[in-house]
Amino acid sequence: MVVAALRRTSIAIGCVAFVAGPALAQAPAALPGYNAAIGESSISGISSGAFMAVQFATAWSSVIKGVGVVAGGPYWCAKANGFFSYWSSITNATGPCLSGPLPGMSNFFAKADAKSASGAIDSLQFVRRQKIYLFHGYNDKVVARSVADAAADFYRHYLGEANRGNLYYQTTIGAGHSLVVAQDPPRADLNECRASISPFIDQCGYDQAGIILQHIYGALSSPKAGPLSGTIKPFDQSLYTKPGSAGSLSLGKTGYVFVPKECENGEACRVHIALHGCNQQVGSEIGRRFIERSGYNAWADANRLIVLYPQTTAKWYPYNPHACWDWWGYVDYDDSYVTKSGAQVRTIKAMLDALTARATPAASSPAPAGASIMLRVIDRSDTGADLAWVPVAGATAYRVFRAGAGGPFTAVAVVAGPSFADSGLTPKTAYRWRIAAIVNGVEGPASDEAAAATRPVPAPCANPGACPIGE
């Protein structure tokens with residue numbers, strides 16, 4: 001019974017893959033330190049990796065700038081509390097945390113509030129400044145839309161109305177249970193758009209990695225054609241699992257990190273942590289597709305981003321036969337797994353500390369004050385649009401203006417950071433936007449306008465996996 005349940009969990013929580021092309025190099029060793037400010041770090045994940053990304057980003061919200069949640073749910077979804085709740089947490093993980101609904105959001109808020117008050121996680125005030133990207137593909141056969149909706153509710157609760165533009169939620173892509181790529185031409189070793197099967201990387205003409213990174217960091221340079229300058233390096237994960245062994249935490253001995261050439265040369269860089277799902281670790285049937293095919297490395301190479309790829313492993317003790325991340329308490333049988341002291345959270349943080357050990361001030365490259373602001377629409381849903389721009393030096397905030405296809409612009413928000421998720425829009429409607437930087441309390445000139453039309457509402461479909469692909 002438990003095996004069958006966990007097999008279902010592995011399908012639900014084990015998915016994804018992450019891009020580029022350079023060959024693996026060197027034997028596993030310790031992670032070197034780079035000139036990367038820890039406060040510029042971010043994290044994303046797919047399925048079990050998405051649940052872990054929420055846990056880590058909430059526990060360490062003081063240092064995590066943004067989070068990407070692909071086919072995941074809210075903090076403490078499985079509700080593990082201790083040894084005697086272990087079986088109920090498995091039931092939750094393989095039941096409502098996959099198929100929904102998740103009633104009683106107050107339970108998740110209360111747990112996060114209690115952990116914050118005790119100091120087990122950072123103050124939830126830091127969540128307000130995080131940039132959040134959420135995704136649910138409407139052909140997802142594993143995680144229900146209501147579960148992703150609960151993750152959105154969790155973040156909206158802590159962001160508040162003033163910071164609503166930090167959250168972008170995409171639900172109009174016809175992907176299955178997968179990370180989504182814009183592979184052209186299509187690859188035979190990846191899936192068509194609506195699939196919910198291994199390797200859980202669907203080709204939908206949608207560059208999810210680039211959208212996640214730009215929602216967090218603002219407009220970035222597009223990936224370059226040709227081979228990447230960076231290198232994928234293996235490292236010894238057991239150096240970061242103390243006092244336990246890697247195996248006792250259901251973590252692999254070897255992890256991987258992609259490092260652009262500029263970062264090797266000491267230039268200011270930033271770190272993004274990319275978490276796979278169940279059965280997606282190196283050594284599984286998909287091999288290195290998680291590391292080499294998801295798109296992260298190409299964006300990282302063009303923008304001085306280091307990408308950390310921690311690895312799980314399948315174990316019978318602790319019982320994790322499908323190499324999922326621990327989001328139901330399988331390592332310590334208590335609720336520490338959603339806190340700083342959680343075994344896997346602690347290990348990932350130790351890796352992040354190692355990578356950022358040689359940081360010097362100023363990891364970003366803002367545009368000079370007074371420079372023309374290049375505004376970009378990086379994504380659209382049926383009722384929203386995601387805007388990004390290059391940060392302006394000295395800007396403490398940005399005012400966002402919106403207009404219809406014709407007519408005057410109206411101020412709709414003031415936002416901190418170089419992205420804004422507009423919401424409450426009308427489907428299949430054209431809009432225009434401008435933004436203005438606020439420096440030393442003075443609002444500068446408005447940017448050139450960016451224009452886009454919202455997507456249509458996906459047609460109703462009761463059979464995910466067979467729903468027609470729209471726009």
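**Notes on the helix packing, sheets and a disulfide**

1. A good place to start is the pair α5 and α6, where α5 passes α6 in a right-handed crossing. Please keep in mind that this is a predicted model. The residues that make the contact are M105, F108, F109, A112 and D113 on the α5 side, and A150, D153, F154, H157 and Y158 on the α6 side. Sorted by class, the contact of these two helices has seven nonpolar residues, one polar and two charged.

2. Now for the geometry of that pair. Helix α5 covers residues 105-118 and helix α6 covers residues 145-159; their axes come within 10 Å and cross at roughly 50°. The two helices are therefore oblique to each other.

3. Next, the eight-stranded sheet. This sheet is open, its pairing is mixed, and its strands follow the order β4-β3-β2-β1-β10-β11-β9-β8. At the edges stand β4 (167-170) and β8 (231-236); each has a single partner strand, so one side of each is left without a neighbour in the sheet. From one strand to the next, the twist averages 15°.

4. One pairing in this sheet is worth a look on your screen. Strand β9 (residues 254-259) runs antiparallel to strand β11 (residues 305-309), and three bridges link the two. If you want to find one residue pair, V257 has L308 in β11 as its bridge partner.

5. Two helices can be placed against the sheet. Helix α6 packs on the sheet and touches β2, β3 (131-135) and β4, with its direction at about 170° to that of β4. Helix α7 (residues 208-217) also packs on the sheet, where it touches β1 (41-46), β2, β3, β4, β10 (270-275) and β11; the direction of α7 makes about 155° with that of β3.

6. There is also an open sheet of three strands, ordered β5-β7-β6, with parallel pairing. Its edge strands are β5 (179-181) and β6 (191-192), each with a single partner, so one side of each lacks a neighbour in the sheet. Strands β5 and β7 (residues 201-203) run parallel and are joined by three bridges; V180 stands opposite D202 in β7.

7. Finally, the cysteines. Five disulfides turn up in a search of the whole structure. One of the disulfides is formed by C77 and C97, with sulfur atoms 2.1 Å apart. The torsion about its S-S bond is about -120°, so this disulfide is left-handed. C77 sits in the loop between β2 (64-70) and α3 (86-94), while C97 belongs to helix α4 (residues 96-99), so the pair ties together parts that are 20 residues apart in sequence.

Methods:
Residues are numbered from 1 along each chain as its sequence is written. This is a predicted model: local features need pLDDT of at least 70, side-chain atom pairs count only at pLDDT 80 or more; totals for chains, interfaces and linings use all residues. Side-chain values use heavy atoms; hydrogens and water are left out. Axes are lines fitted to C-alpha atoms, for helices over the stretch in contact, and angles run from 0 to 180 degrees between N-to-C directions. Helices (H or I, at least four residues) and strands (E, at least two) are DSSP runs, numbered from the N terminus. Angles under 35 degrees count as roughly parallel, over 145 as roughly antiparallel, 65 to 115 as roughly perpendicular and the rest as oblique. A crossing is left-handed if the near helix is turned anticlockwise from the far one by less than a right angle, and right-handed if clockwise. Contact means heavy atoms within 4.5 Å. Ala, Val, Leu, Ile, Met, Phe, Trp, Tyr, Cys and Pro count as nonpolar, Asp, Glu, Lys and Arg as charged, and the others, Gly among them, as polar. Two strands pair if DSSP finds at least two bridges between them. A disulfide is a pair of cysteine sulfur atoms within 2.5 Å.
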